[in-house]
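Please open the model in your viewer and keep the sequence beside it, since this tour moves from one selection to the next. Charged side chains come up at the start, and helices and the surface follow.

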Amino acid sequence: GEGGRRVGLNRIFEWYGKDFGDDDEAKVRKIRTWLTGEKAERVDRALEAGVEVYYLEYDWGSDAVQPVRDFDVNMCFKGVSWLRGT
């Protein structure tokens, strides 16, 4: 929406926001450091357009029962709609 500048983030980024940046733009810039290719380009365009962040409802059913042994950056973006190109 809005020329690709509006992005929906997992509510984790709101709850633990200071871990990712002082404001919404800083959070998106932090996320950008983890991306490459088309996903990174979409984030760059959103930032250039003046990113507007909204927070998605948290899916409590997605919590893993077993501890994650290997870090998978894609799990950080579960529910991040703009990274899927929607």
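The count of salt bridges in this structure comes to 8, and the model you are looking at is a predicted one. Begin by selecting arginine 6 and glutamate 52, whose side chains form a salt bridge with the closest N and O atoms 3.4 Å apart. Because arginine 6 lies in strand 1 (residues 6-9) and glutamate 52 in strand 2 (residues 52-55), the pair ties together parts that are 46 residues apart in sequence. Arginine 6 is partly exposed at 35% relative accessible area, and glutamate 52 is partly exposed as well, at 28%. Add Arg5 to the selection, and you have a network of salt bridges that links Arg5, Arg6 and Glu52.

Next, select glutamate 25 and arginine 29, which meet in a salt bridge at 2.9 Å, N to O. These two residues are 4 apart in helix 2, so about one helical turn separates glutamate 25 from arginine 29.

Now show the whole of helix 2 (residues 24-32) together with helix 3 (residues 37-48): their axes come within 10 Å and cross at roughly 160 degrees. With angles over 145 degrees counted as roughly antiparallel, helix 2 and helix 3 are therefore roughly antiparallel to each other, and their crossing is left-handed.

Finally, turn to the surface and select Trp15, Tyr16 and Trp60, which make a nonpolar patch of about 400 Å². Of these residues, tryptophan 15 has its place in helix 1 (residues 12-15), and with 40% relative accessibility tryptophan 15 counts as partly exposed.

Definitions and conventions
Residues numbered from 1 in each chain as written. Predicted model: local features only at pLDDT ≥ 70, side-chain atom pairs only at ≥ 80, totals over all residues. Heavy atoms only, no water. Patch = residues over 30% accessible without salt bridge, like charges linked within 9 Å, V, L, I, M, F, W, Y side chains within 5 Å. Areas by Shrake-Rupley, 256 points an atom, 1.4 Å probe, with all protein chains shown as cover. Salt bridge = Lys/Arg side-chain N within 4 Å of Asp/Glu carboxyl O. Buried < 20%, exposed > 50% of the residue type's maximum accessible area, 1.4 Å probe, protein only. Axes fitted to C-alpha atoms, helices over the stretch in contact; angles between N-to-C directions. Parallel < 35°, antiparallel > 145°, perpendicular 65-115°, else oblique. Left-handed = near helix turned anticlockwise from the far one by under 90°.
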